[in-house]
Every structure is written in C-alpha cells, then in structure tokens.
Amino acid sequence: MIIVLAGTTAVHHTLVAAHLYLNTITEPDFGRLEYYCDMSFDYSGYPLYIGRDINGHQVYTLGLGRLIEVGCRAIHDFKQIMAIDSSRLLVKEVRIPSELDIWAASKASRIPLGVGSIINRLISDHIIAREFPFIKMETARLHEQVASLQGDGARQMAG
Amino acid sequence: MKIIYHCFGGSHSSVTAAAIHLGLLPTSRPPTAQEFMALPYFDKTPGDVYGVVRFMGKTSEGDEVYALGKKNLGGRLNQVLLGLAELMGVDDQVVVVNTMPYVNIIMMIGGFLSRRLGIIFPGRPILIWGTRLAFPGLVGLVRTIKTKMI
C-alpha cells in the first residue's frame, strides 16, 4: 500500500504526521526532520517520499495549497476513474485548525535573503508545536485506517 | 487512456477542449452559441462541483475524456495527479491537461457574470464570444495532445 498524507503543504504538519506515523519522532522536535519547512520540495507538487512503515507501506506527503477540499475531491475521483482502491493507495487528509496560517507562512518563504525562510520556520514551529496533539490524533486515525484496510485485504485473501 | 482537461470552473474551456477531443464540435470554424450550449455541462455547472472529475464521453478509439474544475489549484494539479499516477504505475494510462492558458479575459468576465453572479444576460453572450476567440487555441491544444498520445 502507498500512503499519502495530504495537507496545505507537503513539508509542514503533513511531514510531522508522516514521521509520527513512522515513529521517527515522538516529541515536537521538528528541526532534525529532513525537508521540514523547505518549500523547494513542495513547489513541484509531486508527492514527497518520507519512508516505509513496519509493514513495508510507502509513506508520502503531498501539498495541495489552501484548496485542500478541492484537491482531495479531485484525487478521490481520479482514483475511481483509474480503478485504484484504498487498499493500494490511501490518501489521508491531515487537517489541523491553523493549517491556513501555515500555508500563509509558507508563502512568506519567497521573501529573499533568507528572511522569508526564517519567518516561515518561526511561525510554523509555533503553530505545529501548539497543534501537535491534533496531528497526533490524525496519526492515530491513520493507524486505524491502515489496520482496517489491512484487515479487509487479509479477509479478501482468506475468502 | 483517460484524458482529463481541467480549468478554473470546469464548465467552459475544459468542457470545450473535451468536446473538441470527442468530436462534438466542428474544428474548421468557431462553433455557434447553440452548438456550445448543446454540450453537456457547458455554462451549466453549479459552484459546488469543484474537484469533481466529470465524464464527458468516449472516443471511437475507446479513450475516456473528462472535465474538471479545480478553482485556483493552478498547474499544480497536473503534478499532483501525474505524481500519484506514477506512484501507482499507471502514468502511461492518463493525460492531464490544463486549459487555463487558453482562457482569455472575455471568457473570464462572461463566466464570472454567468456562473458566479448568475447574470445569464449579458454573461453568457460575452462568455460565448470569448470562447469563440479562444477556440482555435483549444483546437491546437487538443491536436497536440492527440499527436502525443499516438
């Protein structure tokens, strides 16, 4: 299975959620995370590979901008027309209350001389640390979803 | 093969390009207002269908053609959908085409009046005028896509 965590950007709360899911972080220490707040990895729009979970599922993050509902609906329909079911590709929206503030901060990263990156980093650190419990909850839901899909798959194989 | 044309509202340029692809419109001349209005979804889409991939028809070769309104997601949608297709190993089965570069200011004004504000007159005549002006560009785009698919 391929797991894609979709949010306003691929390198902020979605990245933290991916690492929480992979158990590569447990506390809000984001500084050591590869790609964290680095918008150069988000601008391409392609899913960003983060790692594999213990069951071998590949985990990616994906940035959809502020129109996350529109993007997720398009992905949902795209999966249907391409006959891709959720046991092969699971796209999980990672929603937190201040996601639009993070998106706005990410826009600041275009300010030159490194000033924008500092603003982006300061605001994002503050918001993600504050909303870390929400991200943890989203990650817990993801674990449940993956377990449920694995159960369904196993039942289908047995049947 | 699945071909997805996408634009802001999913009711004008993407629908027109999809219709050209399906042979629902003449390509030797700009279509008439009646021909545009006879197309499924043309200037009929409500605002809440953003993100919905709508089936427009099937070509004689068996290719399925779709239209999609993506609001301000921009060209990013191409990368998002193609990126996911690549991950699933189906990128050779789908073409995603942004029709926004072919949308002119007249279409935007007409579409805004007709769809957003619900002012059908003069919104729709302005929109059709703009779409007729954009039509040769959309025909060229579809030709390019069809050539690439061969």
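Let me start with B:Gln34. Is B:Gln34 buried or exposed? Count the neighbours: 8 other C-beta atoms lie within 10 Å of B:Gln34, so this residue is exposed. The cut-off for exposed is 12 or fewer. B:Gln34 belongs to helix H2 of chain B, residues 33-37. Now look from there to B:Ile150. The two are 116 residues apart in sequence. In space, C-alpha to C-alpha, they are 32 Å apart. Keep in mind that this is a predicted model.

Now a contrasting residue, in chain A. A:Leu48 has 25 C-beta neighbours inside 10 Å, so A:Leu48 counts as buried. The cut-off there is 20 or more. A:Leu48 sits in strand E2 of chain A. Which residues does A:Leu48 touch, leaving out those up to four places away in sequence? They are A:Ala10, A:Tyr35, A:Phe41, A:Tyr60 and A:Thr61. A:Glu99 is 51 residues along the chain from A:Leu48, and their C-alpha atoms are separated by 18 Å.

That strand takes us to the sheet of chain A. The sheet is open and has 4 strands. The order is E2-E3-E1-E4, and the pairing is mixed. Which strands stand at the edges? E2 (48-52) and E4 (89-93) of chain A do. Each has a single partner strand, so one side of each is left without a neighbour in the sheet. On average, neighbouring strands are turned by 25° against each other, direction ignored.

Take one pair from that sheet. Strand E1 of chain A, residues 2-7, pairs with E4(A) in the parallel sense. There are 5 bridges between them. A:Val4 stands opposite A:Val91 in E4(A). Helix H2(A) packs on this sheet and touches E1 and E4 of chain A. The direction of H2(A) makes about 165° with that of E4(A).

Stay in chain A for one more helix. H1(A) covers residues 13-21. How many of its 9 residues are buried? The count is 9 of 9, so to speak of H1(A) as mostly covered is fair. Among the buried ones are A:Leu15, A:Val16, A:Leu20 and A:Tyr21. Two histidines are on that list as well, A:His13 and A:His19. Just after H1(A), A:Asn23 takes a positive phi of about 60°.

Next, the contact between the chains. Chain A puts in 22 residues and chain B puts in 23 residues. Which element gives the most on the chain A side? Helix H2 of chain A, residues 68-81, with 9 residues. By class, that side of chain A has 14 nonpolar, 4 polar and 4 charged residues.

Over to chain B and its sheet. Again the sheet is open, with 4 strands in the order E2-E3-E1-E4 and mixed pairing. At the edges stand E2 and E4 (94-98) of chain B. Each has a single partner strand, so one side of each has no neighbour in the sheet. From one strand to the next, the twist averages 20°.

Strand E1 of chain B, residues 2-7, runs parallel to E3(B), joined by 6 bridges. B:Tyr5 stands opposite B:Ala67 in E3(B). Here H2(A) comes back. H2(A) packs on this sheet too, touching E1, E2 and E3 of chain B. Its direction makes about 35° with that of E2(B). Helix H3 of chain B, residues 76-87, also packs on the sheet, touching E1 and E4 of chain B. The direction of H3(B) makes about 170° with that of E4(B).

Strands E2 (53-58) and E3 (64-69) of chain B run antiparallel, with 5 bridges. B:Phe55 stands opposite B:Tyr66 in E3(B). The two strands form a hairpin with 5 residues between them. In the turn, B:Gly62 has a positive phi of about 95°.

Last item: helix H4 of chain B, residues 105-116. The 12 residues reach 15 Å from first C-alpha to last, close to the 16 Å expected. Which residues of H4(B) are buried? B:Met107, B:Gly110, B:Gly111, B:Ser114 and B:Arg115. Down the helix axis they fall within an arc of 105°, so they line one face of H4(B). Their cover includes helices H1 (13-22) and H5 (120-149) of chain B. On the face turned away from the buried side are the exposed residues B:Ile105 and B:Arg116. After H4(B) comes B:Gly118, with a positive phi near 75°.

Methods: Residues are numbered from 1 along each chain as its sequence is written. Chains are lettered from A and ligands numbered from 1 in the order in which they are written. This is a predicted model: local features need pLDDT of at least 70, side-chain atom pairs count only at pLDDT 80 or more; totals for chains, interfaces and linings use all residues. Two residues are in contact if their C-beta atoms, placed from the backbone, lie within 7 Å. Ala, Val, Leu, Ile, Met, Phe, Trp, Tyr, Cys and Pro count as nonpolar, Asp, Glu, Lys and Arg as charged, and the others, Gly among them, as polar. The expected span of a helix is 1.5 Å times one less than its number of residues. The arc is that of the directions from the helix axis to the C-beta atoms. Two strands pair if DSSP finds at least two bridges between them. Axes are lines fitted to C-alpha atoms, for helices over the stretch in contact, and angles run from 0 to 180 degrees between N-to-C directions.
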